[in-house]
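Colleague: Could you take a close look at the salt bridges in this model for me, and at what sits around them? I'd like one connected walk-through rather than a table.

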Amino acid sequence: YRADGRDLLLTLPVAPWEAALGAVVPVRLPGGEVRVRVPEGAQSGAQLRLRGKGIPGEPPGDALLDLRVVLPPADSPRARRLYESMARELDFDPRAARH
């Protein structure tokens with residue numbers, strides 16, 4: 001955790017399918033675990049705000065979750081086939097927006 005005033009800042013790692021499809025994931029905060037909805041189509045660098053879940057006080061701070069999409073390694077034949085299948089079947093260029 002990092003603090004910014006009363007706000008807590010943390011990185012929330014998510015799997016590619018959780019980011020692409022949306023998911024509800026557990027997040028451990030100092031006050032206990034909460035379940036957070038990751039919206040469909042979420043990207044690394046997006047930020048989710050949990051109002052009032054930061055450092056207690058008047059008013060309480062927020063918890064700010066920076067999403068980080070984490071890729072599974074292609075360290076097995078099956079994982080490699082899955083990545084190769086996505087490369088063939090998905091019309092996706094991650095650099096297209098830069099052109």
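**Salt bridges and their surroundings**

Modeller: Sure. Let's start with Arg2 and Asp66, whose side chains meet in a salt bridge at 3.8 Å, N to O. Arg2 belongs to strand E1 and Asp66 to strand E6, so this pair ties together parts that are 64 residues apart in sequence. Keep in mind that the model is predicted, and that side-chain atom pairs count only at pLDDT 80 or more. Arg2 comes out as partly exposed, because its relative accessible area is 44%, and that value falls between the 20% limit for buried and the 50% limit for exposed.

The strands around that pair are worth a look. E1 covers residues 2-4 and E2 covers residues 7-14; the two run antiparallel and are joined by 3 bridges. Within that pairing, Ala3 stands opposite Leu8 of E2. The hairpin of E1 and E2 has 2 residues between the strands, and there Gly5 takes a positive phi near 65 degrees. As background, most residues other than glycine have a negative phi. On to the other partner: E2 also pairs with E6 (residues 63-69), this time in the parallel sense, over 7 bridges. Asp66 turns up again here, as the bridge partner of Thr11. So Asp66 has a strand bridge to Thr11 as well as the salt bridge to Arg2, which ties E6 to E1.

The structure holds 5 salt bridges, and the next ones to look at centre on Asp62. Arg49 forms a salt bridge with Asp62, and their closest N and O atoms are 2.7 Å apart. Arg49 lies in strand E5 (residues 47-50) while Asp62 is in the loop between E5 and E6, so here the parts tied together are 13 residues apart in sequence. Arg51 has a salt bridge with Asp62 too, with 3.6 Å between the closest N and O atoms. In this case both residues, Arg51 and Asp62, lie in the loop between E5 and E6, so the pair links parts that are 11 residues apart in sequence. Put together, Arg49, Arg51 and Asp62 are linked in a network of salt bridges.

How exposed are the members of that network? Arg49 is partly exposed, with a relative accessible area of 40%. Arg51 is exposed, at 64%. Asp62 counts as buried, because its relative accessibility is 10% and the cut-off for buried is under 20%. So the network runs from a buried acid, Asp62, to a partly exposed Arg49 and an exposed Arg51.

What else does Asp62 meet in its loop? Its side chain makes a polar contact with the side chain of Arg49, at 2.7 Å. There is a backbone neighbour as well: the nitrogen of Gly52 lies 2.9 Å from a polar atom of the Asp62 side chain. Leaving aside residues up to four places away in sequence, Asp62 touches Arg6, Asp7, Leu8, Arg49, Leu50, Arg51, Gly52, Lys53 and Gly54. Leu8 in that list is the residue that stands opposite Ala3, which brings us back to the pairing of E1 and E2.

The loop between E5 and E6 has another feature you may want to check if you're setting this up for a calculation. Pro59 is placed in that loop, and a cis peptide bond joins Glu58 and Pro59, with omega at about 0 degrees. For context, most peptide bonds are trans.

Away from the salt bridges, have a look at the pocket and helix H2. The largest pocket holds about 830 Å³ of space. It is lined by 21 residues, and the closest to its centre are Pro16, Ala20, Leu71, Met86 and Leu90. Helix H1 (16-21) and H2 each supply at least two residues of that lining, and H2 gives the most, with 6 residues. H2 spans residues 77-89 and includes Arg78, which counts as exposed at 58% relative accessibility. Arg78 and Val14 are 64 residues apart along the chain, and their C-alpha atoms are separated by 21 Å.

Definitions and conventions
Residues numbered from 1 in each chain as written. Predicted model: local features only at pLDDT ≥ 70, side-chain atom pairs only at ≥ 80, totals over all residues. Heavy atoms only, no water. Pairing = 2+ DSSP bridges. Helix = DSSP H or I, 4+ residues; strand = E, 2+ residues; numbered from the N terminus. Salt bridge = Lys/Arg side-chain N within 4 Å of Asp/Glu carboxyl O. Buried < 20%, exposed > 50% of the residue type's maximum accessible area, 1.4 Å probe, protein only. Polar contact = N/O pair within 3.5 Å; in protein donor to acceptor, adjacent residues only side chain to side chain. Contact = heavy atoms within 4.5 Å. 1 Å grid on protein atoms, 1.4 Å probe; cavity = no way out; pocket = protein on both sides within 12 Å on 5 of 7 lines; lining within 4 Å. Points joined across faces, edges and corners; volume = space filled by probe spheres on them.
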